[in-house]
Amino acid sequence: MLNRQGLHLSANCLTEPLPASSFDSFSEATEDEILKIIKNSPSKSCMLDPLPTWLAKGCSAELILLIKNIVNTSMSTGTVPDSFKVAHVTPVLKKTSLDRNCLKNYRPISNLSFVSKVLEKTVLSRLMDYLTQENLLEPYQSAYKSGHSTETALNAVHNFITSKLDEDCFVLLVLLDLSSAFDTVNHSILLERLQSKYRLGGTVLSWFNSYITERYQQVKIEDVLSSPRPLVTGVPQGSVLGPVLFSLYLAELSDIIRHHGVHFHHYADDTQLLLAFDKDVCQMLFIKWKPV
């Protein structure tokens with residue numbers, strides 16, 4: 001069943017078992033873990049940072065205890081600091097040849113504070129460990145997973161088509177692309193899905209509720225900054241967790257497609273539907289639909 005605010009499928013339509021266990025609390029981060037995240041992070045800076053990222057990385061030994069306490073306090077209390085939920089958005093022209101006066105020709109580049117991304121990466125590692133352990137990751141989604149890429153998605157689709165052609169079948173490929181997909185995620189549906197489908201609870205669910213809600217963004221053009229505007233839908237652009245949360249939100253679409261026996265493959269918000277037909281069936285359909 002489709003809901004105007006997002007995809008929703010009645011539980012009566014699916015019989016997939018729930019995870020064997022729930023994810024209710026985060027394990028504490030160690031200094032070594034935080035140091036590794038800081039070391040492997042890019043040195044890009046944001047106006048929201050109190051000091052340049054390259055300097056923070058250079059002084060990581062002196063700052064590690066403070067950053068570790070911020071991360072662990074956030075995870076143990078299930079709250080994200082308000083200052084971590086503000087983004088500066090810079091519009092960048094998609095191509096230099098495009099009309100600069102047309103707003104649709106710009107790509108919004110969102111910048112978040114450095115420490116907020118350290119927090120997100122710490123949470124992401126725990127979330128992915130849980131999803132992998134409980135086998136909850138969509139096998140036909142090639143984005144945002146280790147060992148998967150556009151290449152693996154292409155190979156999967158190509159392999160299905162060629163194997164069906166070898167079986168003397170016709171193959172119909174339908175390409176779906178959701179418009180502004182990341183910006184239209186309904187927060188209530190996402191949180192309900194995290195709780196019911198993925199069994200997130202306790203301080204973990206509280207943390208994601210705090211992370212998703214009451215976020216703000218400001219547009220920055222040269223030295224001019226707009227007033228903050230609330231983000232009432234969508235996952236945070238430029239964030240670490242946003243793409244993974246979108247994949248979890250989209251997973252119920254996979255359940256709908258799979259329920260109807262259609263083969264498919266995702267890459268982020270791009271979906272390929274693959275239907276194989278016996279040649280005799282195709283000839284019957286062609287005769288039936290052939291224009292007079």
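The exercises below, each with a worked solution, concern a predicted model of one protein chain.

**Exercise 1. The chain as a whole**

How many helices and strands are there in the chain, and what share of its residues count as buried?

Step 1. The chain has nine helices and ten strands.

Step 2. It has 292 residues, and 38% of them count as buried.

Step 3. The accessible surface comes to about 17,200 Å², and carbon and sulfur atoms hold 57% of that area.

Step 4. Among contacts with a separation of 6 or more, 72% are between residues 24 or more positions apart.

**Exercise 2. The largest nonpolar core**

Find which residues of the largest nonpolar core touch the most other members, and which helices each supply at least two residues of this core.

Step 1. The core has 50 residues. Those that touch the most other members are Leu 127, Leu 194, Leu 200, Trp 207, Phe 208, Leu 241 and Leu 245.

Step 2. At least two residues of this core come from each of helices H1 (31–40), H3 (60–77), H4 (114–133), H6 (187–196), H7 (202–212) and H8 (242–259).

Step 3. A general tendency fits here: in soluble globular proteins, nonpolar side chains tend to be buried together.

**Exercise 3. Helix H7 and Trp 207**

Which residues of H7 are buried, and what do they pack against?

Step 1. The buried residues of H7 are Val 204, Leu 205, Trp 207, Phe 208, Ser 210, Tyr 211 and Ile 212.

Step 2. These buried residues pack against helices H3, H4, H6 and H8, and against strand S6 (215–221).

Step 3. Take Trp 207 and set aside its neighbours within four places in sequence. Its contacts are then Phe 26, Ser 74, Met 75, Gly 78, Thr 79, Val 80, Leu 119, Val 123 and Leu 241.

Step 4. Just after H7 comes Glu 214, with a positive phi of about 55°.

**Exercise 4. Two loop residues with positive phi**

Where are Asn 135 and Glu 222 placed, and are they buried or exposed?

Step 1. Most residues other than glycine have a negative phi.

Step 2. Asn 135 is not a glycine, yet has a positive phi of about 55°. Glu 222 also has a positive phi, near 55°.

Step 3. Asn 135 is in the loop between H4 and helix H5 (150–166). Glu 222 is in the loop between S6 and strand S7 (224–225).

Step 4. The cut-off for exposed is over 50% relative accessible area. Asn 135 has 65% relative accessibility, so it counts as exposed. Glu 222 has 67%, so it also counts as exposed.

**Exercise 5. Gln 272 and Ser 27**

Classify Gln 272 and Ser 27 as buried, partly exposed or exposed, and list their contacts beyond four places in sequence.

Step 1. Gln 272 is found in strand S10 (residues 270–278). Buried means under 20% relative accessible area; Gln 272 is at 14%, and therefore counts as buried.

Step 2. Beyond four places in sequence, Gln 272 touches Val 157, Leu 173, Val 174, Leu 175, His 263, Phe 264, His 265 and His 266.

Step 3. Ser 27 lies in the loop between strand S2 (6–7) and H1. With a relative accessible area of 45%, Ser 27 is partly exposed.

Step 4. Ser 27 is in contact with Met 75 and Arg 126, neighbours within four places left aside. Ser 27 and Ser 76 are 49 residues apart in sequence, while their C-alpha atoms are 8.5 Å apart in space.

**Exercise 6. A pocket and a cavity**

Which residues lie nearest the centre of the second largest pocket, and which residues line the largest cavity?

Step 1. The second largest pocket holds about 450 Å³ of space. Its lining has 28 residues, with Val 89, Pro 108, Gln 217, Leu 231 and Gln 237 nearest its centre.

Step 2. Strands S3 (86–93), S4 (106–111) and S6 each supply at least two residues of this pocket's lining. S6 gives the largest share, five residues.

Step 3. By type, the pocket's lining has 17 nonpolar, six polar and five charged residues.

Step 4. The largest cavity holds about 40 Å³ of space. Its lining is made of Val 80, Phe 84, Ser 116, Leu 119, Glu 120, Tyr 211 and Arg 215.

Step 5. H4 provides the largest share of the cavity's lining, three residues. By type, that lining has four nonpolar, one polar and two charged residues.

Technical notes:
Residues are numbered from 1 along each chain as its sequence is written. This is a predicted model: local features need pLDDT of at least 70, side-chain atom pairs count only at pLDDT 80 or more; totals for chains, interfaces and linings use all residues. Side-chain values use heavy atoms; hydrogens and water are left out. A nonpolar core is a set of buried Ala, Val, Leu, Ile, Met, Phe, Trp, Tyr and Cys residues joined through side-chain atoms within 4.5 Å. Buried means under 20% relative accessible area, exposed over 50%, partly exposed in between (1.4 Å probe, protein chains only). Helices (H or I, at least four residues) and strands (E, at least two) are DSSP runs, numbered from the N terminus. Contact means heavy atoms within 4.5 Å. Accessible areas come from the Shrake-Rupley method with a 1.4 Å probe; for residues, only the protein chains shown count as cover. On a 1 Å grid over the protein atoms alone, a cavity is a set of points where a 1.4 Å probe fits but cannot get out, and a pocket is an open set with protein on both sides within 12 Å along at least five of seven lines; lining residues have an atom within 4 Å of a point. Grid points are joined across faces, edges and corners, and a volume is the space filled by probe spheres set on the points. Ala, Val, Leu, Ile, Met, Phe, Trp, Tyr, Cys and Pro count as nonpolar, Asp, Glu, Lys and Arg as charged, and the others, Gly among them, as polar.
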